[in-house]
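I opened this notebook to record, entry by entry, what I looked up in a structure that was new to me. I begin with the display itself.

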Amino acid sequence: MKELIKLHNVSYEIQNYKVFEGINASIQQGDIIGIIGKNGAGKSTLLTLISNDLVPTQGHIQFLQNDLNVVRLEQETESHISNDVNAFEVELLEKWHVPSHDFGLLSGGEKLKARLANVFAKNADILMLDEPTNHLDERSTELLIEQIKHYKGTIILVSHDRYFLDTIATKIWSIEGDQLIEHKGNYSSYFKNREHRRHTQQREYEKQKKKVELVEEQISELTS
Ligand SMILES: Nc1ncnc2c1ncn2[C@@H]1O[C@H](COP(=O)(O)OP(=O)(O)OP(=O)(O)O)[C@@H](O)[C@H]1O
Ligand SMILES: [Mg+2]
């Protein structure tokens, strides 16, 4: 698979707060990457960095192919600019049951679907979706899943919805502290792997504790 973008030792700081410290990652053509992490972990910041709308404080983001077209659906904005509605967007709006009145009058879910139709119709090489299922009902989420599965480009998305991630993601990027952990596979396999990692850490910790206790015992025996 062709490599499209590479993150080299990327650090990002906002007002003396370290969001990322020396993270590395790679985006391959055809990936569907699901970014996970707590509120405030830096998921939206990471998308903004990769789409070149923010500059890393250290390290760099390398674009390995010429003319890569990156489109980002921002999280929860009330604005929608659609000056060039193409035939595909009209088709999606109809399929997703978005009424054709003013954007301002649409419901929360309808607004999101209108914004999704707009970014999907741009046919970008890399499409970034920041929490694309937040207002969607079950049926609309299924339609979005279908759209994502048929998409020809590469997709990077942020979601807290495990079912959604499990259905579509081929890779998981988990933001843990100021680090990025890359996992090849869907959410379930990421979760199994994480549990395994935690058990191993716990076992190491227990072993270490026992060693310390033993040494302490020996010391007290020697000094008593
Ligand atoms: N312009 C800014 N100035 C100061 N701090 C900021 C700014 N933008 C973001 N932050 C902080 O950076 C951190 C990362 O924010 P970000 O929006 O990337 O988190 P997130 O993982 O997308 O969270 P959520 O799940 O709530 O969407 C947060 O602690 C946030 O408060
Ligand atoms: Mg966010």
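The entries below follow the order in which I went through the model, which is a predicted one.

**Entry 1, the hairpin.** I started at the N-terminal part and looked at strand 1 (residues 3-14) and strand 2 (residues 17-28), which pair in the antiparallel sense over 8 bridges. To place one of these pairs I looked up Glu3, and its bridge partner in strand 2 is Gln28. The two strands form a hairpin with 2 residues between them, and in that turn Gln15 has a positive phi of about 40°.

**Entry 2, the open sheet.** I then traced a sheet of 6 strands, which is open, has mixed pairing and runs in the order 5-6-7-3-8-9. Its edges are strand 5 (70-73) and strand 9 (179-184), each of which pairs on one side only. Direction ignored, neighbouring strands in this sheet are turned by 15° against each other on average. Inside the sheet I checked strand 6 and strand 7, which run parallel and are joined by 5 bridges, and I noted that Met128 has Ile156 of strand 7 as its bridge partner. Helix 3 packs on the sheet, where it touches strand 5 and strand 6, and its direction makes about 180° with that of strand 5.

**Entry 3, Thr154.** I stayed with strand 7, since Thr154 lies there, and asked myself whether Thr154 counts as buried or exposed. Its relative accessibility is 1%, so Thr154 counts as buried, the cut-off for that word being under 20%. A polar atom of the Thr154 side chain lies 2.9 Å from the backbone nitrogen of Gly30. Leaving out residues up to four places away in sequence, I found that Thr154 touches several others, among them Leu4, Ile27, Gln28, Asp125 and Leu127.

**Entry 4, helix 4.** Next I took helix 4 (residues 138-150), whose 13 residues reach 19 Å from the first C-alpha to the last, close to the 18 Å expected at 1.5 Å a residue. At its N-terminal end Asp137 acts as a cap, with a side-chain oxygen 3.3 Å from the backbone nitrogen of Arg139. Which residues of helix 4 are buried? I listed Ser140, Thr141, Leu143, Leu144, Ile145, Gln147 and Ile148. In general, an α-helix has 3.6 residues a turn, so residues three or four places apart point the same way. The buried residues of helix 4 pack against strand 3 (32-36), helix 2 (87-95), helix 3 (108-120), strand 6 (126-130), strand 7 (154-158) and helix 5 (162-168).

**Entry 5, the magnesium ion.** I looked up what coordinates the magnesium ion (ligand 2), and found Ser44 through OG and Gln75 through OE1, at 2.1 to 2.2 Å. This pair links distant parts of the chain, with Ser44 in helix 1 (residues 43-50) and Gln75 in the loop between strand 5 and helix 2, 31 residues apart. Ser44 is partly exposed at a relative accessible area of 27%, and Gln75 is also partly exposed, at 31% relative accessibility.

**Entry 6, two positive phi values.** Last, I checked two loop residues other than glycine, His97 with phi near 55° and Glu131 with phi near 50°. His97 lies in the loop between helix 2 and helix 3 and is exposed, with a relative accessible area of 63%. Glu131, by contrast, is in the loop between strand 6 and helix 4 and counts as buried at 10% relative accessibility.

Note on methods
Residues are numbered from 1 along each chain as its sequence is written. Chains are lettered from A and ligands numbered from 1 in the order in which they are written. This is a predicted model: local features need pLDDT of at least 70, side-chain atom pairs count only at pLDDT 80 or more; totals for chains, interfaces and linings use all residues. Side-chain values use heavy atoms; hydrogens and water are left out. The expected span of a helix is 1.5 Å times one less than its number of residues. Buried means under 20% relative accessible area, exposed over 50%, partly exposed in between (1.4 Å probe, protein chains only). Contact means heavy atoms within 4.5 Å. A polar contact is a pair of N or O atoms within 3.5 Å; within protein, one must be able to donate a hydrogen and the other to accept it, and residues adjacent in sequence count only if both atoms are side-chain atoms. Two strands pair if DSSP finds at least two bridges between them. Axes are lines fitted to C-alpha atoms, for helices over the stretch in contact, and angles run from 0 to 180 degrees between N-to-C directions. Donors are N, O and S atoms within 2.8 Å of the metal (3.2 Å for Na, K and Ca); water is not among the atoms, so sites may look incomplete.
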